[in-house]
Amino acid sequence: MMTSVDTDLIRVLADPLRLRIVTLLARETLCTTHLVEETGARQTNLSNHMKVLREAGVVDTEPCGRYVYYRLRPEVLEALAGQFTDLAQSARATAEANLKRTCP
């Protein structure tokens, strides 16, 4: 079983602030103001990170008056987790079968 992991999504989530945002959004839907308060990030910095998360499909937005609320898309994380699960299963099968390429 050969699998590949979405490296673009891993890069998006590898940033410590974005990972913190995703962790917060896993618990509740939050607006920009809440995220600034929770993370201590500047508004402009946070907005740039939210743009990256939106473009990667990790979050959805919901306008509410003059605020924008962000909601995590769990199916994106589940798909990534599934890719890692497949990779782990492949590694386990390789180890159990003691598969190795012979040297020339």
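**Salt bridges and a hairpin in a predicted model**

In this predicted model, Asp 60 is partly exposed, with a relative accessible area of 34%.

Me: Which residue meets the side chain of Asp 60 in a salt bridge, at 3.7 Å from N to O?
Reply: Asp 60 belongs to strand S2, and its partner lies in the loop between S3 and helix H5 (74-97), so the pair ties together parts that are 13 residues apart in sequence. That partner is partly exposed, at a relative accessible area of 24%. The residue that meets Asp 60 in this salt bridge is Arg 73.

Me: How far apart are the closest N and O atoms of Arg 71 and Glu 62?
Reply: Side chains of opposite charge can pair when their charged atoms come close. Arg 71 counts as partly exposed at 35% relative accessibility, and Glu 62 likewise counts as partly exposed at 36%. The two form a salt bridge in which the closest N and O atoms are apart by 2.4 Å.

Me: How many bridges join strand S2 to strand S3?
Reply: Strand S2 covers residues 59-64 and strand S3 covers residues 67-72, and the two run antiparallel. Pro 63 stands opposite Val 68 in S3, while Gly 65, in the hairpin of S2 and S3, takes a positive phi near 65 degrees. The number of bridges joining the strands is 6.

Me: Is Glu 55 buried or exposed?
Reply: Glu 55 forms a salt bridge with Lys 51, and because they are 4 residues apart in helix H4 (residues 43-55), about one helical turn separates them. Lys 51 counts as partly exposed at 42% relative accessibility. With a relative accessible area of 63%, over the 50% cut-off, Glu 55 is exposed.

Key:
Residues numbered from 1 in each chain as written. Predicted model: local features only at pLDDT ≥ 70, side-chain atom pairs only at ≥ 80, totals over all residues. Heavy atoms only, no water. Pairing = 2+ DSSP bridges. Salt bridge = Lys/Arg side-chain N within 4 Å of Asp/Glu carboxyl O. Buried < 20%, exposed > 50% of the residue type's maximum accessible area, 1.4 Å probe, protein only.
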